[in-house]
Amino acid sequence: MSLLDDETLWRSSVVANCAMNRERGLAGYRRELGVSLELAPGTRWVDLCCGTGKALAEAAREDLAVVGVDLVDHHMPERPGLRFVVAPVDQWEPAEPVDLVTCVHGLHYVGDKLGMLTRAVSWLAPGGLFVANFDIASVRRADGSPYGRVLTKALRAAGFVYDTRRRLVSFSGAGRPTVPFSYLGADDRAGPNYTGQPAVHSCYEAVS
């Protein structure tokens, strides 16, 4: 299998395209993530792979700090309490701890998915929450076979909660978890995943 490095992956037509910039509103985010998104004043929320940012625009208020990050510049206009960043989500990081990190169907297009999970959790303030759609089947060995339960067990041992039925991964509270896998590269020819859209497989080798 020929694997892509990050910079090559960012230029892939599977990853760098406006079709993945979804139009979900706040109600759609609530359904996908299973969280209320009733944000208390002062909440700092980062949404990765934000797409157009429609949900963020609906939630934005002057007493919030909402940031949407996406590789493609296809965002709604900024407003008080809301700003957008055009950058690879696996390269960007916030300047200070945040209370909520979300990623709705965006990890499907990230190369180092496990690295993104642990980085995003490291941004959380005490009492913070990370939650994202995540397909265990997209994490593969070098030979292309899925890790399956081996990965699920490792994530849970690191403090993540993985909902197999809903394909959701979450982490509560500040932390710097690690998982015993070394990233090898990505395959953008994986084809459609459970969403029906083309996605990226991420390949790793297990480390002791």
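Visitor: Hello! Which residue forms a salt bridge with R189?
Guide: Welcome! Keep in mind that the model is predicted. A salt bridge needs a side-chain nitrogen of Lys or Arg within 4 Å of a carboxyl oxygen of Asp or Glu. Here the closest N and O atoms are 3.2 Å apart, and the partner of R189 is D187.

Visitor: Is D187 buried or exposed?
Guide: Let's begin with its partner: R189 has a relative accessible area of 56%, and since exposed means over 50%, R189 is exposed. For D187 the relative accessibility is 9%. Buried means under 20%, so D187 counts as buried.

Visitor: How many salt bridges does the structure hold?
Guide: The pair of R189 and D187 is a salt bridge, and so is the pair of D99 and R44. Counting over the structure, the number of salt bridges is 7.

Visitor: How many residues apart in sequence are D99 and R44?
Guide: Their side chains meet in a salt bridge, with 3.2 Å from N to O. D99 is partly exposed at 24% relative accessibility, and R44 is partly exposed with a relative accessible area of 24%. D99 belongs to strand β4 and R44 to strand β1 (residues 44–48), so the salt bridge ties together parts whose separation in sequence is 55 residues.

Visitor: In which helix is R119, the residue that pairs with E93?
Guide: R119 and E93 form a salt bridge with their closest N and O atoms 3.7 Å apart. The pair links distant parts of the chain, 26 residues apart. E93 sits in the loop between β3 (82–86) and β4, while R119 sits in helix α4.

Visitor: Is R119 buried, partly exposed or exposed?
Guide: For its partner E93, the relative accessibility is 53%, so E93 counts as exposed. R119 has a value of 22%. Partly exposed covers the range between under 20% and over 50%, so R119 counts as partly exposed.

Visitor: Which strand is the bridge partner of L100 in, and which residue is that partner?
Guide: β4 and β5 run parallel and are joined by 5 bridges. L100 has its partner in β5, and that partner is L129.

Visitor: Which hand does the crossover from β4 through α4 to β5 have?
Guide: The two strands are β4 and β5, which run parallel. Between them the chain passes through α4, making a β-α-β crossover. The hand of that crossover is right-handed.

Visitor: How many of the 10 residues of β5 are buried?
Guide: β5 spans residues 124–133. This strand is also joined to β8 by 5 bridges, with the two running antiparallel, and F130 has F171 in β8 as its bridge partner. The strand is mostly covered, with its number of buried residues being 7.

Visitor: In the open sheet of 3 strands, which ones stand at the edges?
Guide: The order of this sheet is β6-β10-β9, with mixed pairing. An edge strand has a single partner strand, so one of its sides is left without a neighbour in the sheet. That describes β6 (139–140) and β9 (181–192).

Visitor: About what angle does the direction of α4 make with that of β10?
Guide: α4 packs on this sheet and touches β6, β9 and β10. The angle between the direction of α4 and that of β10 is about 85°.

Visitor: Which element gives the most residues to the largest nonpolar core?
Guide: This core has 38 residues, and L48, L114, F130 and F134 have the most contacts inside it. Several elements each supply at least two residues, including β1, β5 and α5 (149–157). With 5 residues, the one giving the most is α4.

Visitor: How many residues are in the second, separate core?
Guide: This core includes L33, W45, A60 and F84. Its size in residues is 21.

Visitor: What is phi of H105, near which value?
Guide: Most residues other than glycine have a negative phi. H105 lies in the loop between β4 (98–103) and α4 (113–122), and is buried with a relative accessible area of 12%. Its phi is positive although the residue is not glycine, with a value near 55°.

Methods
Residues are numbered from 1 along each chain as its sequence is written. This is a predicted model: local features need pLDDT of at least 70, side-chain atom pairs count only at pLDDT 80 or more; totals for chains, interfaces and linings use all residues. Side-chain values use heavy atoms; hydrogens and water are left out. Helices (H or I, at least four residues) and strands (E, at least two) are DSSP runs, numbered from the N terminus. Buried means under 20% relative accessible area, exposed over 50%, partly exposed in between (1.4 Å probe, protein chains only). Two strands pair if DSSP finds at least two bridges between them. A crossover is right-handed if, with the strands pointing away from the viewer, the path from the first strand over the helix to the second runs clockwise. Contact means heavy atoms within 4.5 Å. Axes are lines fitted to C-alpha atoms, for helices over the stretch in contact, and angles run from 0 to 180 degrees between N-to-C directions. A nonpolar core is a set of buried Ala, Val, Leu, Ile, Met, Phe, Trp, Tyr and Cys residues joined through side-chain atoms within 4.5 Å.
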